Amino acid sequence: MQRWPSMLDNFETYKDDYTSVAEYCREYFEEQNINFEEAKKYRTIQIKVRDRLITYEGEELQLPNKIKKNVANLRQSVSENSLPTPTIIYEKNHIRFAFEMTPYALIYSYTGKIPTDWGNSQKSDIFVKRIDRHWYHITPKDK
């Protein structure tokens, strides 16, 4: 089986958009002082790119115009690759763009190091491909 059954083929075209959205979400969540041990549900935000919105816990985040444009470009990037709109998952050391109904995710590592906290998966269960200083493609290995 192919390691990357579906992935963002044109990442380089949209890298700045993904990076801006990832950094915006990181800053937003860092301001919330979220306790990871207590509140796993608070780490996930849903992008509604159709409306150029990012929502969290059902509330619309007040996005600067530049970030609204970046979110709209994310919609373009996924439609060009026949991927679903990603869910953004905030972790201690990275932001994960998880594409529902696919085994693929895109990771923005704050430090540039390969993240080791994959939720329920172990690092040995994941294929990782570095695509940029801070960015990685990931997909699970076949069992």
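These numbered points describe the strands S4 to S8, two residues packed among them, and the salt bridges of a predicted model.

1. Strand S5 covers residues 94-99, and six of its six residues are buried, so S5 is largely enclosed by the rest of the structure. His-94, Arg-96 and Ala-98 point one way from the strand, while Ile-95, Phe-97 and Phe-99 point the other way. Both sets are buried, Arg-96 included.

2. On one side in sequence, S5 is joined to strand S4 (residues 86-90) by five bridges, and the two strands run antiparallel. Pro-86 has Phe-99 of S5 as its bridge partner. S4 and S5 make a hairpin, with three residues between them.

3. S5 also pairs with S6, again in the antiparallel sense and over five bridges. Within this pairing, His-94 stands opposite Ser-109 of S6. The hairpin of S5 and S6 has five residues between the strands, and Met-101 in that hairpin takes a positive phi near 65°.

4. Strand S6 (residues 105-109) contains Ser-109. Is Ser-109 buried or exposed? The relative accessible area of Ser-109 is 1%; because the cut-off for buried is under 20%, the residue counts as buried. Apart from neighbours within four places in sequence, Ser-109 is in contact with Asn-93, His-94, Pro-115, His-134 and Tyr-136. One of these contacts, His-94, is also the residue that stands opposite Ser-109 across the S5 and S6 pairing.

5. Pro-115 sits in the loop between S6 and S7. Despite the loop position, Pro-115 is buried, at 4% relative accessibility. Leaving out residues up to four places away in sequence, Pro-115 touches His-94, Ile-107, Ser-109 and Tyr-136. His-94 and Tyr-136 are also among the contacts of Ser-109. Pro-115 and Lys-92 are 23 residues apart in sequence, with their C-alpha atoms 9.5 Å apart in space.

6. Strand S8 (residues 135-140) is mostly covered, as five of its six residues are buried. S8 pairs with S6 in the antiparallel sense over four bridges, and Ala-105 has Ile-138 of S8 as its bridge partner. S8 also pairs with strand S7 (residues 126-130), antiparallel and over five bridges. There Phe-127 is the partner of Thr-139 in S8. S7 and S8 form a hairpin with four residues between them.

7. How many salt bridges does a search of the whole structure find? The search finds five. One of them joins the side chains of Glu-12 and Lys-15, at 3.7 Å from N to O. These two residues are three apart in helix H1 (residues 11-32), which means that about one helical turn separates them. Glu-12 is exposed, with a relative accessible area of 55%, whereas Lys-15 counts as buried at 18%. Glu-12 and Lys-15 are linked with Asp-132 in a network of salt bridges.

8. Arg-26 forms a salt bridge with Glu-23 (3.6 Å, N to O) and another with Glu-30 (3.1 Å, N to O). Arg-26 and Glu-23 lie three residues apart in H1, and Arg-26 and Glu-30 lie four residues apart in that helix. Each separation is described as about one turn of the helix. Glu-23 is partly exposed at 22% relative accessibility, and Glu-30 is partly exposed at 38%.

Note on methods
Residues numbered from 1 in each chain as written. Predicted model: local features only at pLDDT ≥ 70, side-chain atom pairs only at ≥ 80, totals over all residues. Heavy atoms only, no water. Buried < 20%, exposed > 50% of the residue type's maximum accessible area, 1.4 Å probe, protein only. Contact = heavy atoms within 4.5 Å. Pairing = 2+ DSSP bridges. Salt bridge = Lys/Arg side-chain N within 4 Å of Asp/Glu carboxyl O.
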